[in-house]
Amino acid sequence: MIKFPTRCPSCNSGLVVRKLSCDHCETEVGGTFPLPRLTGLSPDDQDFILSFVESSGSLKEMATRLGVSYPTVRNRLNEIIDTLKDKTP
Amino acid sequence: MTETESPKLPRKNLLTWLWNPFAIIAGGPALTSGILIILATGYLASHTHTHFDGVLDTHVGLRAPLWFFLAEGILNWLCLFIVLLIGGLLVAKRRSFRFIDLLGTQALARWPFLITTLVTFLPGFKSFNAKLLTIVNQGKITFPSAPASEIITFVFVTFLMIVVTVWFVALAWKSFRISCDVRGWKAITVFAIGIIIAEVLSKFAFLFVLLPML
């Protein structure tokens, strides 16, 4: 899987989207679009958030599905919340 | 934003079950199995007169009815739970953790003491311990004469008791860390102080509540 770049490899500043294009009709849209906050998370964390949403936000259901304890899932979510808070400008 | 790496979810293998079981089990299931293990430990301990007369203590000798052995296990469990609950509320970043997780995992953290109780059934240990108690009760300070097999068994069981106590402390810490979502030196310090307070508390409860009821 190709890693989605979020930082500039040269100066390490946050990247923004300059151009979007339609694969169907090849229309291109230019501008300065900031990346969604969730893209700053690791792929594992993004998968976790996706799984959380798919479980209707039920940590209990997620814990059962993943075969781990409730506090393990809750602590992982807490870590992600902290990461997102740290990244808030 | 930088990409961050967070630890992956634990794998279900023997090492996890022995060293970090609360990553897999907590809450109601941990509470149920923990209580059953505490009661089973108390029941078996009543046959070998093994006392857990303090959160970290194991002594063999005093004869007592079954309820006394069961009460010891429950008392130790609740003493440490109450102290760590207060500690968790003091240091946890989020106080919204579930009490049942701490209660259940603390009960299950006592399972290594079941091993201690089982090894006290070894015949060599029982007979050497009886000889040792006789000498102590006579007020003497001499080494009892016994076959080498009894001495080796006694040394083995004593060593195992120390290992089990260390293992229990490690499990109690994991229970506290996972249930209350605490980490770092502040949490370790609170845990270390907490276990000492719980030890003193359980000793007082043993001496001034349980023993007078005998």
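## Close-up views of chains A and B

**View 1. Two helices of chain B, side by side.** In this predicted model, Pro112(B), Phe113(B), Ile115(B), Thr116(B) and Val119(B) of α5(B) come up against Val157(B), Leu160(B), Met161(B), Val164(B), Trp167(B) and Phe168(B) of α7(B). Sorted by class, the residues in this contact are 10 nonpolar, one polar and no charged. Helix α5 of chain B covers residues 112-119 and helix α7 of chain B covers residues 148-180; their axes come within 9 Å and cross at roughly 170°. An angle over 145 degrees counts as roughly antiparallel, and α5(B) and α7(B) are therefore roughly antiparallel to each other.

**View 2. Chain B as a whole.** Before moving further in, here is the setting. Chain B has eight helices and two strands, and along the sequence they follow the pattern α-α-β-β-α-α-α-α-α-α. Its C-alpha atoms fill a box of roughly 70 × 35 × 30 Å along the principal axes. Of the 214 residues in chain B, 38% are buried. When contacts in chain B between residues at least 6 apart in sequence are considered, 76% of them join residues at least 24 apart.

**View 3. The largest nonpolar core.** This core holds 43 residues, and Leu80(B) and Ala172(B) are the ones that touch the most other members. Both chains take part: α2 (59-66) and α3 (70-87) of chain A each supply at least two residues, as do α2 (27-48), α3 (66-91), α4 (99-108), α7 and α8 (184-210) of chain B. The most comes from α3(B), which gives eight residues. Which residues does Leu80(B) touch, not counting those up to four places away in sequence? They are Val55(B), Gln106(B), Ala172(B), Ile195(B) and Ala198(B). Apart from the largest core lies another one, of five residues, including Phe125(B), Phe128(B), Val157(B) and Met161(B). Two of these names are familiar from View 1, where Val157(B) and Met161(B) are among the residues of α7(B) that meet α5(B).

**View 4. A serine in helix α7 of chain B.** Is Ser175(B) buried or exposed? With 31 other C-beta atoms within 10 Å, Ser175(B) is buried. This serine sits in helix α7 of chain B. Leaving out residues up to four places away in sequence, Ser175(B) touches Phe22(B), Leu102(B), Thr105(B), Gln106(B) and Ala109(B). Gln106(B) also appears in View 3, as one of the residues touched by Leu80(B). Another residue to look for is Trp17(B): it is 158 residues away from Ser175(B) in sequence, and the two are 13 Å apart in space, C-alpha to C-alpha.

**View 5. A glycine in helix α8 of chain B.** Gly194(B) belongs to helix α8 of chain B. This glycine is buried, having 24 other C-beta atoms within 10 Å. Setting aside residues up to four places away in sequence, Gly194(B) touches Val83(B), Leu84(B) and Gly87(B). Val166(B) lies 28 residues from Gly194(B) along the chain, and 16 Å separate their C-alpha atoms.

**View 6. Where chain B touches chain A.** How many residues does each chain bring to the contact? Chain A brings 25 residues and chain B brings 21 residues. On the side of chain B, these divide into nine nonpolar, five polar and seven charged.

**View 7. A strand hairpin in chain A.** Strand β1 of chain A (residues 16-21) and strand β2 of chain A (residues 28-34) run antiparallel and are joined by five bridges. Ser21(A) stands opposite Glu28(A) of β2(A). Six residues lie between the strands of this hairpin, where Glu26(A) takes a positive phi near 65°. None of the six residues of β1(A) is buried, so this strand lies largely in the open.

**View 8. Two unusual backbone angles in chain A.** Most residues other than glycine have a negative phi. Asn12(A), not a glycine, has a positive phi of about 70°. You will find Asn12(A) in the segment before β1 of chain A, where it is exposed, with 8 other C-beta atoms within 10 Å. Ser56(A), which is not a glycine either, has a positive phi of about 55°. Its place is in the loop between α1 (43-54) and α2 of chain A. Ser56(A) is exposed, with 8 other C-beta atoms within 10 Å.

Definitions and conventions. Residues are numbered from 1 along each chain as its sequence is written. Chains are lettered from A and ligands numbered from 1 in the order in which they are written. This is a predicted model: local features need pLDDT of at least 70, side-chain atom pairs count only at pLDDT 80 or more; totals for chains, interfaces and linings use all residues. Two residues are in contact if their C-beta atoms, placed from the backbone, lie within 7 Å. Ala, Val, Leu, Ile, Met, Phe, Trp, Tyr, Cys and Pro count as nonpolar, Asp, Glu, Lys and Arg as charged, and the others, Gly among them, as polar. Axes are lines fitted to C-alpha atoms, for helices over the stretch in contact, and angles run from 0 to 180 degrees between N-to-C directions. Helices (H or I, at least four residues) and strands (E, at least two) are DSSP runs, numbered from the N terminus. Angles under 35 degrees count as roughly parallel, over 145 as roughly antiparallel, 65 to 115 as roughly perpendicular and the rest as oblique. A nonpolar core is a set of buried Ala, Val, Leu, Ile, Met, Phe, Trp, Tyr and Cys residues joined through C-beta atoms within 7 Å. A residue is buried if 20 or more other C-beta atoms lie within 10 Å of its own, exposed if 12 or fewer, and partly exposed in between; C-beta atoms are placed from the backbone. Two strands pair if DSSP finds at least two bridges between them.
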